[in-house]
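Let's take a walk through this structure together. Have the sequence and the 3D view at hand, and follow along at your own pace.

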Amino acid sequence: ASRACLPGRDSSLSGGEVDGEVLLIAAKLVLLHSYFASGLVKLRRSGLRWAQGHSMQGFLLMHHLTSGNRLALEIGKRQWLCSTASVAALFFELVASNPLIAC
């Protein structure tokens with residue numbers, strides 16, 4: 001196939017130029033991979049225990065200590081909120097980010 005027939009190629013472009021649509025798709029794929037890989041690493045390292053909220057709680061409390069953020073302290077003191085946030089983070093990273101980024 002000639003270079004002009006390749007998807008994402010404009011026959012008027014020269015050399016190594018790629019149109020903006022191809023770059024946007026590539027950026028979305030990188031972002032999707034980043035989210036999915038993050039969720040996968042969480043599950044591989046600690047399994048479903050990560051969803052218990054202890055990691056999220058530690059992160060929030062450390063954030064409060066380093067920044068003085070009062071909301072992080074209030075959420076971090078509530079285990080059920082930390083567990084809910086952990087499950088939501090895993091869901092977003094593994095499932096929900098796909099259609100959001102694909103649009």
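The paragraphs below go from confidence to the core, and then to a few side-chain pairings.

First, some ground rules. This is a predicted model, in which local features need pLDDT of at least 70, side-chain atom pairs count only at pLDDT 80 or more, and totals for chains, interfaces and linings use all residues. Residues are numbered from 1 along each chain as its sequence is written, and side-chain values use heavy atoms, with hydrogens and water left out.

How far can you trust what you see? The score to look at is pLDDT, the predictor's confidence in each residue, from 0 to 100. For the protein chain the mean pLDDT is 84, and 81% of the residues reach 70 or more. Among the elements of the chain, H3 has the highest mean pLDDT, at 96, and H4 the lowest, at 87. Elements here are DSSP runs numbered from the N terminus: helices (H or I) of at least four residues and strands (E) of at least two. Over residues 1–6, pLDDT stays under 50, and the model has four contacts beyond four places in sequence for this stretch. A contact means heavy atoms within 4.5 Å. Where pLDDT is low, the predicted coordinates should not be read in detail.

Now let's look inside. A nonpolar core is a set of buried Ala, Val, Leu, Ile, Met, Phe, Trp, Tyr and Cys residues joined through side-chain atoms within 4.5 Å. Buried means under 20% relative accessible area, exposed means over 50%, and partly exposed is in between, using a 1.4 Å probe and protein chains only. The largest nonpolar core has eight residues: Trp-50, Ala-51, Met-56, Leu-60, Ala-72, Cys-82, Ala-89 and Leu-90. Two elements, helix H2 (54–67) and H4, give two or more residues to this core, and H4 gives the most, with three. Try picking out Met-56: beyond its neighbours within four places in sequence, Met-56 is in contact with Trp-50, Cys-82, Ala-85, Ser-86 and Ala-89.

Stay with helix H4, residues 79–102, to find Ser-83. Leaving aside neighbours within four places in sequence, Ser-83 touches Ala-51, Gln-52 and Gly-53. A polar atom of the Ser-83 side chain lies 2.5 Å from the backbone oxygen of Gln-52.

Next come the charged side chains. A salt bridge is a side-chain nitrogen of Lys or Arg within 4 Å of a carboxyl oxygen of Asp or Glu, and the whole structure has four of them. Which residues are linked in a network of salt bridges? They are Arg-70, Glu-74, Lys-77 and Arg-78. Glu-74 pairs with Arg-70 at 3.5 Å between the closest N and O atoms, with Lys-77 at 3.4 Å and with Arg-78 at 3.3 Å. Glu-74 and Arg-70 both lie in helix H3 (residues 70–76), four residues apart, about one turn of the helix. Glu-74 counts as partly exposed because its relative accessibility is 21%, while Lys-77 is exposed, at 51%.

Finally, look for rings. Rings of Phe, Tyr and Trp (its six-membered ring) pair if their centres lie within 6.5 Å; planes under 30 degrees apart count as stacked, over 60 as edge-to-face and the rest as tilted. The whole structure has one aromatic pair: Tyr-35 and Phe-92, edge-to-face, with 5.0 Å centre to centre and 85° between the planes. Tyr-35 lies in helix H1 (residues 20–46) and Phe-92 in helix H4, so the pair ties together parts that are 57 residues apart in sequence.

Note on methods: Polar contact = N/O pair within 3.5 Å; in protein donor to acceptor, adjacent residues only side chain to side chain.
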